[in-house]
Amino acid sequence: YFFMPGILRRHLLLNLATHNPVTALVLLHTVRLFSLQAGLPLGAIRWRPVLLLVVMNWALVFAWEISRKIRSAVEEDAYVTYSRILGRAGAVALAGGAQTASLVLAVGLFGQLRVSWLPVAVLAVGYSATLAGHLRFLAQPCPRTSRLKPLAERYFVCVCLAAISAAIFSP
C-alpha cells in the first residue's frame, strides 16, 4: 500500500490478494516462534490441527475484511466496496462463505481434539446470529442493516470464546 496506494485503492481485489495472506503468514510465524521457544523441532509439531487453526483464524480475518466494505445501494459513493464489485449478494456470500469455512474448520479441529459440546454450542450461537444478520441485510438492504462488520467481529469473539471454553472445559 505504501508503494502504490492509488492502484490498490482503486483495485480492492488486488489489495485483498496482496494484503490478506499476511494474516496466515503471521500465524505460521507465531507457531515457529513458539516451537523455537519450546525447543520443538518443526517435525514434532502436529501440523494438521495447527493448519486448521491457522486457516480457521485467517478465514475470520478474511470475512471481517469483506464485511467491513459492504454497503447498501444508497450508501455507495466514490469509495470502492466489495458490494459494488461483487454485488450485494456476492459480497455477503463471500463473507458468509469464509465464516462458514471457519465454522467447519473449528468443528473439525474441536472434533480432532475431542473437546466438550460447549465450544461447539458457542460457535453455533455466534454463527447463527451472524447468518441472521446477513440474511436480514439481503432481505432489507438499507443503511440500518448493512453494518456487517460488527457481526463479523462478534463472530470472531465467539470463536475465541469457543477456543477458551475448549481449553477450560474439555478433558
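This is a guided tour of a predicted model, one selection at a time.

**Before you start**

Residues are numbered from 1 along each chain as its sequence is written, and side-chain values use heavy atoms, with hydrogens and water left out. In this predicted model, local features need pLDDT of at least 70 and side-chain atom pairs count only at pLDDT 80 or more, while totals for chains, interfaces and linings use all residues.

**Stop 1: helix 6 and helix 7**

Select residues 117-139. This is helix 6. Helices here are DSSP runs of H or I with at least four residues, numbered from the N terminus. Now add residues 149-169, which form helix 7.

Two packed helices are described by the angle between their axes and the distance between the axes. The axes are lines fitted to C-alpha atoms, over the stretch in contact, and angles run from 0 to 180 degrees between N-to-C directions. At what angle do the axes of helix 6 and helix 7 cross? They cross at roughly 175° and come within 8 Å. That makes helix 6 roughly antiparallel to helix 7, a label for angles over 145 degrees.

Show the side chains in the contact (heavy atoms within 4.5 Å). On helix 6, look for residues including Leu118, Val122, Gly126 and Ala129. On helix 7, look for residues including Leu151, Tyr155, Cys158 and Phe169. By class, this contact holds 14 nonpolar residues, five polar and no charged. Here Ala, Val, Leu, Ile, Met, Phe, Trp, Tyr, Cys and Pro count as nonpolar, Asp, Glu, Lys and Arg as charged, and the others, Gly among them, as polar.

**Stop 2: helix 5 against helix 6**

Keep helix 6 and select residues 82-113, which are helix 5. The axes of helix 5 and helix 6 lie 11 Å apart, at an angle of about 175°. These two helices are therefore roughly antiparallel to each other.

Among the helix 5 residues that meet helix 6 are Arg88, Val92, Gln99 and Leu103. Their partners in helix 6 include Pro119, Leu123, Tyr127 and Phe137. This contact has 13 nonpolar, five polar and one charged residues.

**Stop 3: the nonpolar cores**

A nonpolar core is a set of buried Ala, Val, Leu, Ile, Met, Phe, Trp, Tyr and Cys residues joined through side-chain atoms within 4.5 Å. Buried means under 20% relative accessible area, exposed over 50%, and partly exposed in between (1.4 Å probe, protein chains only).

Select Met56, Leu103, Ala106, Phe110, Leu123, Tyr155 and Val159. They have the most contacts inside the largest nonpolar core, which has 14 residues. Helix 4 (47-67), helix 5, helix 6 and helix 7 each supply at least two residues of this core. Which helix gives the most? Helix 5 does, with five residues.

Zoom in on alanine 106. Leaving aside neighbours within four places in sequence, alanine 106 is in contact with Met56 and Leu123. A second, separate core has twelve residues, including Leu12, Leu16, Ala95 and Leu151.

**Stop 4: salt bridges**

Side chains of opposite charge can pair when their charged atoms come close. A salt bridge is a side-chain nitrogen of Lys or Arg within 4 Å of a carboxyl oxygen of Asp or Glu. The whole structure has five salt bridges.

Select glutamate 75 and arginine 147. Their closest N and O atoms are 2.9 Å apart. Glutamate 75 lies in the loop between helix 4 and helix 5, and arginine 147 in the loop between helix 6 and helix 7, so the pair ties together parts that are 72 residues apart in sequence. Is glutamate 75 buried or exposed? Glutamate 75 counts as buried, at 14% relative accessibility. Arginine 147 is partly exposed, at 48%.

Next, pick glutamate 76, in the loop between helix 4 and helix 5. Glutamate 76 forms a salt bridge with arginine 84 (3.6 Å, N to O). Glutamate 76 is partly exposed at 23%, and arginine 84 is partly exposed at 39%.

Move to lysine 149 and glutamate 153. Both lie in helix 7, four residues apart, about one turn of the helix. The closest N and O atoms of their salt bridge are 3.9 Å apart. Lysine 149 is partly exposed at 35%, and glutamate 153 is partly exposed at 34%. Then select Glu65, Arg68 and Lys69, which are joined into one network by salt bridges that share partners.

**Stop 5: arginine 136**

Finish in helix 6, at arginine 136. Arginine 136 is partly exposed, with 41% relative accessibility. Beyond its neighbours within four places in sequence, arginine 136 is in contact with Arg144 and Thr145.

Terms used
Angles under 35 degrees count as roughly parallel, over 145 as roughly antiparallel, 65 to 115 as roughly perpendicular and the rest as oblique.
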